[in-house]
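Welcome! Take a moment to look over the sequence and turn the structure around before reading on.

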Amino acid sequence: KQNMNILHLDSKTDYRKIDISEFENTRYFTPLGSNAKEWANHMFLKLTDGEPPSSTRLHVKGRDIPVECAASGVARFTFSELCERPHGAEDYLKIADTYPIIILENIPVMNYDRRNEAKRLMTLIDALYDQHIDLFITAEASPDKLYRGHDHSFEFERTVSRLIEMSQNKDT
């Protein structure tokens, strides 16, 4: 008490006990629908300070990756654009090297018949996570309910963990 100023920080909220799922909608919005689209539009405008989007192409080993909507270091992609097309880790790393903030929209629930798309999503999330990309997502379900197949269920657990961590990470 002689050498320090003591401040009492009284709060009615014990932030250690808050269920983090209350804040899911800051970076991970579910379910899909008009509200999810509106949220993604709002986030893009907020993150780009209203700068008009433009389209471009990224080049990776003779291939082009179309980027239909980007501004101020923020790129906006759909699940279909990144996971239903034949992209691999190099493509995702190029995206991560180019855009520090990514909005990924319309992730569906995937069953066994979409195991290839699930594998691409796992590769994408690994690349974005390793590059510390700020990720904003709209999805049909919470991360732990996105994949219902059995092929990649064990590997997908890491993706679930990373999606949860990325959705809680940092202030927007």
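This report walks through the sheet, the helices that pack beside it and the salt bridges.

Please keep in mind that this is a predicted model.

**The sheet**

A good place to begin is the open sheet of six strands, whose order is E1-E6-E5-E4-E3-E2 and whose pairing is mixed. Strand E1 (28-29) and strand E2 (54-60) stand at the edges with a single partner strand each, so one side of each has no neighbour in the sheet.

Start from the E2 edge and move inward. E2 and strand E3 (residues 63-71) run antiparallel and are joined by six bridges. Here Val 60 stands opposite Arg 63 in E3. The next pair, E3 and E4, is also in the antiparallel sense, over three bridges. Cys 69 stands opposite Arg 76 in E4. E3 and E4 form a hairpin with two residues between them. In that turn, Ser 72 has a positive phi of about 50 degrees.

From E4 onward to E5, the pairing is in the parallel sense, with five bridges. Thr 78 stands opposite Glu 105 in E5. How enclosed is E4 by the rest of the structure? Four of its five residues are buried, so E4 is largely enclosed.

**Helices beside the sheet**

Now look for helix H3 (residues 89-98), which lies across E2, E3, strand E4 (74-78) and strand E5 (101-107). H3 runs at about 130 degrees to E2.

H3 also packs against helix H4 (residues 115-130), at an angle of about 40 degrees and with the axes 9 Å apart. The crossing of these two helices is right-handed. On the H3 side, the contact is made by Ala 89, Tyr 92, Leu 93 and Ala 96. H4 contributes Arg 120, Thr 123, Leu 124, Ala 127 and Leu 128. Sorted by class, the contact of H3 with H4 has seven nonpolar residues, one polar and one charged.

**Salt bridges**

How many salt bridges does a search of the whole structure find? The search finds 12. Three of the pairs are set out below.

| Pair | Closest N to O | Separation in sequence |
|---|---|---|
| Arg 27 and Asp 134 | 3.8 Å | 107 residues |
| Glu 105 and Lys 37 | 3.8 Å | 68 residues |
| Lys 61 and Glu 90 | 2.8 Å | 29 residues |

In the salt bridge of Arg 27 and Asp 134, Arg 27 lies in the segment before E1 and Asp 134 in strand E6 (residues 134-139), so the pair ties together parts that are 107 residues apart in sequence. Arg 27 and Asp 134 are both buried.

Glu 105 forms a salt bridge with Lys 37. This pair links distant parts of the chain, with Glu 105 in strand E5 and Lys 37 in helix H1 (residues 34-48). Glu 105 counts as buried because its relative accessibility is 4%, whereas Lys 37 is partly exposed, with a relative accessible area of 45%.

Lys 61 forms a salt bridge with Glu 90. Lys 61 sits in the loop between E2 and E3, and Glu 90 in helix H3. At 65% relative accessibility Lys 61 counts as exposed, while Glu 90, at 39%, counts as partly exposed.

Finally, have a look at Asp 126, Asp 130, Arg 158 and Arg 162, which are linked in a network of salt bridges.

Notes:
Residues numbered from 1 in each chain as written. Predicted model: local features only at pLDDT ≥ 70, side-chain atom pairs only at ≥ 80, totals over all residues. Heavy atoms only, no water. Pairing = 2+ DSSP bridges. Contact = heavy atoms within 4.5 Å. Axes fitted to C-alpha atoms, helices over the stretch in contact; angles between N-to-C directions. Left-handed = near helix turned anticlockwise from the far one by under 90°. Nonpolar A, V, L, I, M, F, W, Y, C, P; charged D, E, K, R; others polar. Buried < 20%, exposed > 50% of the residue type's maximum accessible area, 1.4 Å probe, protein only. Salt bridge = Lys/Arg side-chain N within 4 Å of Asp/Glu carboxyl O.
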